[in-house]
Amino acid sequence: MITRFFTVADFTFEVSADDNLDIDAMLPSFASFATTPSEVVGKELLFRFSASTSPVEIEGTLVETSDNDMGVTRLFALPGGYFVEMGFRDSAARHAMRTDSRFALISAHIVADDIYAPVIFASMLRIAFSQAILRRQAVSVHASAVMLGGKAYAFMGPSGTGKSTHARLWISRFEGCELMNDDNPIIRIVDGTPTIYGSPWSGKTPCYRNVSLPLAAVVRLEQHSCNTFVPKHDVEAFVALLPGCSAIRSSQQLADAMADTVAAIAERLKVGVMRCRPETEAAEVCHKALVAND
């Protein structure tokens with residue numbers, strides 16, 4: 001059995017695997033988040049994740065099915081926990097994990113010879129992490145985040161809205177602007193301040209930076225024929241943020257914890273909707289609303 005420790009958004013977790021599952025080779029995006037065993041002493045672990053190649057049978061009652069470019073995921077409810085089955089359409093291999101209700105103890109089945117095994121392994125850890133942090137004033141968000149002037153700005157929206165494109169426009173237009181993460185940054189409240197962190201999960205863009213900055217604003221993007229920034233406040237800000245946050249919404253406890261954190265985030269920073277085209281002017285209009293007028 002091989003054991004590794006990782007720290008993401010200041011949350012430390014343990015990953016163990018059978019000897020025939022090479023954690024380091026299968027999780028290259030986690031390298032900059034690795035933590036030595038000596039650094040873990042005295043720390044509370046977010047979760048313990050144990051992976052093996054031992055086959056498992058599907059358990060529980062089907063709650064939901066998601067089908068996207070990352071494959072097909074089926075979530076089952078168990079007494080006191082969940083069972084998750086994952087796989088890609090063009091592969092017969094089916095991977096699975098079983099977890100308690102708090103996502104503190106997770107056991108996973110990985111099909112070692114499946115070409116998608118590394119992607120599935122990382123995705124399982126993303127699911128576990130995003131649910132485990134909800135009760136700790138933190139959320140994983142589907143967003144592209146950039147860094148500029150010692151602050152961070154996150155762009156949210158459904159797949160295909162243009163989050164990555166808008167981030168690239170900022171990077172090319174504004175000197176010193178850099179990409180923090182292109183798919184799954186983490187937001188948490190630290191001493192009353194919304195702070196955003198890079199993560200090992202960055203979609204199709206390899207940007208796995210172990211960095212954090214105060215979060216200045218979150219913008220929800222909408223494709224439009226012109227470029228207009230619309231500020232959002234109070235309930236409207238909450239509504240703009242909520243769809244981009246990861247939670248098992250069929251769980252009242254997890255959904256409530258997410259809603260509490262999103263409400264706290266919405267109260268403490270700028271939130272807006274950017275109706276835009278994929279062009280430099282859109283970045284300029286958004287930047288003026290968020291940065292130039294500070």
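1. Contact here means heavy atoms within 4.5 Å. On that basis V291 is in contact with Y153 and W170, leaving aside neighbours within four places in sequence. The model is a predicted one. V291 sits in helix α7. With a relative accessible area of 22%, V291 is partly exposed, because buried means under 20%. The C-alpha atoms of V291 and L148 are 9.3 Å apart in space, although 143 residues separate them in sequence.

2. Next, the main core. The largest nonpolar core has 75 residues. Those with the most contacts inside this core are F13, F47, F49, F121, L125 and F129. Helix α3, residues 117–132, gives the largest share of this core, 10 residues. Apart from this core lies another, of 22 residues. Its members include Y153, A167, L221 and C286. In soluble globular proteins, nonpolar side chains tend to be buried together.

3. Take F121 from the largest core. Which residues does F121 contact beyond its neighbours within four places in sequence? They are V15, M26, L27, F49, A51 and I110. F49 is also listed among the residues with the most contacts inside the largest core.

4. Helix α6 is worth a check on its length. It has 17 residues, and at 1.5 Å a residue these should span 24 Å. The end C-alpha atoms of α6 are 25 Å apart, so the model agrees with that expectation. Which residues of α6 are buried? They are L254, A255, A257, M258, T261, V262, A264, I265 and A266.

5. Two of those residues face a cavity. A search of the whole structure finds 1 cavity of 30 Å³ or more. About 30 Å³ of space lies in this largest cavity. V262 and I265 are in its lining, together with V141, M156, I187, L241 and C245. By class the lining of the largest cavity has 7 nonpolar residues, with no polar and no charged ones.

6. Now the second largest pocket. It holds about 210 Å³ of space. Its lining is made of 15 residues. Nearest the centre of this pocket lie K232, H233, A237, A266 and L269. Of these, A266 is also one of the buried residues of α6. By class, the lining of the second largest pocket divides into 10 nonpolar, 1 polar and 4 charged residues.

7. Which elements build that pocket, with at least two lining residues each? They are strands β17 (228–232) and β18 (270–276), with helices α5 (234–241), α6 (252–268) and α7 (280–292).

8. P231 lies in strand β17. The relative accessible area of P231 is 46%, so P231 is partly exposed. P231 touches V271 and G272, not counting residues up to four places away in sequence. The C-alpha atoms of P231 and M274 are separated by 8.6 Å, while the two residues are 43 residues apart along the chain.

9. Two polar strand residues come next. T99 is in strand β8, residues 95–100. T99 counts as buried because its relative accessibility is 2%. Not counting residues up to four places away in sequence, T99 touches G80, G81, Y82, L105 and I106. S52 lies in strand β4, residues 48–52. S52 also counts as buried, at 18% relative accessibility, because the cut-off is under 20%. With the same sequence neighbours left out, S52 touches D18, L21, A108, H109 and I110. I110 is in contact with F121 too.

10. Finally, two backbone points to look at. Most residues other than glycine have a negative phi. A9 is not a glycine, yet has a positive phi of about 55°. A9 is found in the loop between β1 (2–8) and β2 (11–17). D191 is not a glycine either, and has a positive phi of about 50°. D191 lies in the loop between β14 (186–190) and β15 (193–197). Buried or exposed, how do A9 and D191 count? A9 counts as buried because its relative accessibility is 3%. D191, at 78% relative accessibility, counts as exposed.

Conventions
Residues are numbered from 1 along each chain as its sequence is written. This is a predicted model: local features need pLDDT of at least 70, side-chain atom pairs count only at pLDDT 80 or more; totals for chains, interfaces and linings use all residues. Side-chain values use heavy atoms; hydrogens and water are left out. On a 1 Å grid over the protein atoms alone, a cavity is a set of points where a 1.4 Å probe fits but cannot get out, and a pocket is an open set with protein on both sides within 12 Å along at least five of seven lines; lining residues have an atom within 4 Å of a point. Grid points are joined across faces, edges and corners, and a volume is the space filled by probe spheres set on the points. Helices (H or I, at least four residues) and strands (E, at least two) are DSSP runs, numbered from the N terminus. Ala, Val, Leu, Ile, Met, Phe, Trp, Tyr, Cys and Pro count as nonpolar, Asp, Glu, Lys and Arg as charged, and the others, Gly among them, as polar. A nonpolar core is a set of buried Ala, Val, Leu, Ile, Met, Phe, Trp, Tyr and Cys residues joined through side-chain atoms within 4.5 Å. Buried means under 20% relative accessible area, exposed over 50%, partly exposed in between (1.4 Å probe, protein chains only). The expected span of a helix is 1.5 Å times one less than its number of residues.
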